[in-house]
Each structure stands twice: as structure tokens, then as C-alpha cells.
Amino acid sequence: MIAIASLPKAELHLHLEGSLEPETIMRLSERNGIALPFADADALRAAYEFDDLQTFLDLFYAGLTVMVTEQDFYEVTREYLEKAADDGVCHAEFHVSVQGHLGRGVSVDTMMSGISRAFEDGAAELGVGASMIFGLQRQRPLEEAEAAFEDFVKHPRWVALVSAIGMGGSEVGYPTAKFRPLYDRARALGWKTTVHAGEEGGPEAVREALDGLAPDRLDHGVRAFEDAELTQELIDSGMTLTVCPLSNLRLKVFDSIEAHPLAKMLRAGLKVTVNSDDPPYFGGYIGANFVAAQRGLGLSDDEIIQLARNSFSGAFLPEDQIGRYLAAFDRAIAGR
Ligand code: ADE
Ligand code: ZN
């Protein structure tokens, strides 16, 4: 079986705030005087039992309130990049819940100075490249998203660190189409576009997001596979799906790894990738997600290689940079 850590890979679906380890949450909560209803990191970790997406999101939004200073944003970003480097990640795209920070009075400069300093150090010291995905929250008002966007785009040097606009948050009951004007604004800035859909919502939610936003990429998308016609459309359009197996298990989208459709999706011709979403919350970073799929779904070495290769071809990077990553990837595989 191919060794996962030795395989170069990109992580395309990772939430900065979802990478907070319980120990980091407790450390920052003490440092910043933010009270949380947990005695210590073990008590917090014990609360990571989720019934569904919403029970997780409640904790995710509570946890991110400990991020206040530039140093906090630096440390959280850096901690993820160190773990990613150990897992063989060369490039990572971070969803950042901008509204979740600006709404608490954190400034764009505070947030972005810390993130950008970690991106610089991550590239120089760890060899991991990174960009940011401006993550909207679909359950929040459009006006709030617009205000956050306007606040952010006043700063050209931060705009340059963003590769895409994306959208997470509660899925069922929260259609995407009203956010179309912001997606069009993002496209005009040269950003790519992605959206969480088909995680908890069924194929109809994926259809709504495709029609509503015309995204370049789909986050999760696993439930699209319930609809043969939609699946064929996604294959024909070459859509990259950022699948997160351990997330889907912890949020009870599927009962077991054996029941996860990742292998069938890949074999059907969908361009799927493997990602971690919110790793400490769901019990593993990208390497653990690959290993769970490799063992639980009996993926062959060639299939694992295809998944890793898809992560570079599906990345939100300039074409020439994708070409360089793919050439290096193919050399690494040939030299095994
Ligand atoms: N925000 C963080 N993780 C998420 C997920 N898995 N789905 C929707 N929104 C999220
Ligand atoms: Zn996500």
C-alpha cells in the first residue's frame, strides 16, 4: 500500500477556524480572557460528538471567538501549516469565516496581518504554499456578507492573498442564489468560486447551488451522487469535488467509512479530492482522511495517486503553477 505521507498533495477544503485544536482554543481563551463553558481541553474534546452539521457549527462558531489578535491568527494558521507539512501537503487553501471575525470587532488588518505572516513563514520555512478562500456564511443575512466583503476589498494587499470566494454554514433551508451578486463581484476581482453543497442537503441543493452561483468547484458534493443525471453533468463539466470523508462520518452523513461513496464516485469518473474540512473536530488531518479511505474503501495505489493528483489540477492556482506542481508530482510518482 502506498505511503500516504510521502505522496505530495494539496488541501483544497480546510477551514482556518476548524483547524483550532482544543488545546489552542483553551490557550487563546485564557490569553484573551474569553470565557468558554469548558474546564479544559479534554472537556472540550469530549464535546466533539455531533448529531448533524448544526450541532457541529454551534461549537465551531463558539470556538472561533477566541481568535482576537494578529498573533492569534498567526499561530492558528501556522499550527495548521506545520501539521499539513508533516502530511505531505505542498499547497493549502484556507476557508476563512470573515463575518465570524469582523462581527466581533476584529479588524480586517488584524486578521489578515496574522494570516499573511503565517503564509510567508509557511512558504519559507515549511515549503507549503497557501491562499485564502473568502468564506461566506449562508445562514447569515446578505447585507452582513456584503458589508464584510466591502470592508475587505478596500485592502488590495489582502485581496491579493485570496484565490476564491466560498460559502459554508447551515445548508438545509438556506439557498445560495441570493449571494450571486457577491459571486459576480468576486469573479470581477479575478477570484475563483466555490460553494458547500450536497453535504447535508440532497442533489436538489447541489442543483440550486450550481444554478444559483455557477461555481468553479464544489465543496463536499457527495450527495450529488444520489442523482445519476447530476453526476453525469459534474463528470462532463470536469467539476472538482472537495470530499471530506471523516467530516461526513462525524456529521452522520454516512454511517460508516464502508458506506462512504468516495470510491464509487472516483470510479464513476468524478474528479474527487480528499480533504479534512475541520480536522481536530472530525478526528484527523488530510493524511488520516486518505488513510481512512485507503483502508476502509480498499482504494488501490493508482486510485490514491489519482486522488492526490486531482488536488493539484483542481487547485485555485494560475495554470502555469498547476503545471509545475503536476510535473513535480509525476516525477515524484515515477521515482517511487
Ligand atoms: N463550516 C465549517 N465546516 C463546515 C462544513 N463542514 N459545512 C458547512 N460549513 C462549515
Ligand atoms: Zn467545509
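Which residues lie nearest the centre of the largest pocket? In this predicted model, Lys192, Ser313, Gly314, Ala315 and Phe316 do, out of the 14 residues that line the largest pocket. A bit of bookkeeping comes along with that: local features need pLDDT of at least 70 and side-chain atom pairs pLDDT 80 or more, while totals for chains, interfaces and linings use all residues. Residues are numbered from 1 along each chain as written, chains are lettered from A and ligands numbered from 1 in written order, and side-chain values use heavy atoms, with hydrogens and water left out.

Rolling a probe the size of a water molecule over the atoms shows where empty space is left. Here, on a 1 Å grid over the protein atoms alone, a cavity is a set of points where a 1.4 Å probe fits but cannot get out, and a pocket is an open set with protein on both sides within 12 Å along at least five of seven lines; a lining residue has an atom within 4 Å of a point. The largest pocket holds about 200 Å³ of space (the space filled by probe spheres set on the points). Its lining is a mix of 5 nonpolar, 4 polar and 5 charged residues, with Gly counted as polar and Tyr as nonpolar.

As for closed spaces, 2 cavities of 30 Å³ or more turn up. About 170 Å³ lies in the largest cavity. Among its 23 lining residues, His15, Leu57, Gly168, Gly169 and His196 are closest to the centre. Two or more lining residues come from each of β1 (9-15), α3, β2 (89-96), β3 (129-137) and β4 (162-168) (DSSP runs, with at least four residues for a helix and at least two for a strand). Helix α3 gives the largest share, 5 residues. By class, this lining has 9 nonpolar, 11 polar and 3 charged residues.

And what takes up the space of the largest cavity? That would be ligand 1, going by the rule that more than half of a molecule's atoms lie within 2 Å of the grid points. Around ligand 1 sit residues including His15, Phe56, His220 and Asp278 (each with a heavy atom within 4 Å). Helix α3 (residues 53-63) again supplies the largest share of this shell, with 4 residues. The shell has 4 nonpolar, 5 polar and 3 charged members.

Polar contacts (N or O pairs within 3.5 Å) also show up here. Polar side-chain atoms of Glu199 and Asp277 each lie 2.7 Å from a nitrogen atom of ligand 1, and a backbone N or O atom of Gly169 lies 2.8 Å from one. The protein covers 99% of the 260 Å² of accessible area that ligand 1 has on its own (Shrake-Rupley method, 1.4 Å probe).

The second largest cavity holds about 60 Å³. Its lining has 8 nonpolar residues, 1 polar and no charged ones; among them are Ile25, Phe38, Tyr48 and Tyr281. Helix α3 provides the largest share here too, with 3 residues.

How values were computed:
Polar contact = N/O pair within 3.5 Å; in protein donor to acceptor, adjacent residues only side chain to side chain.
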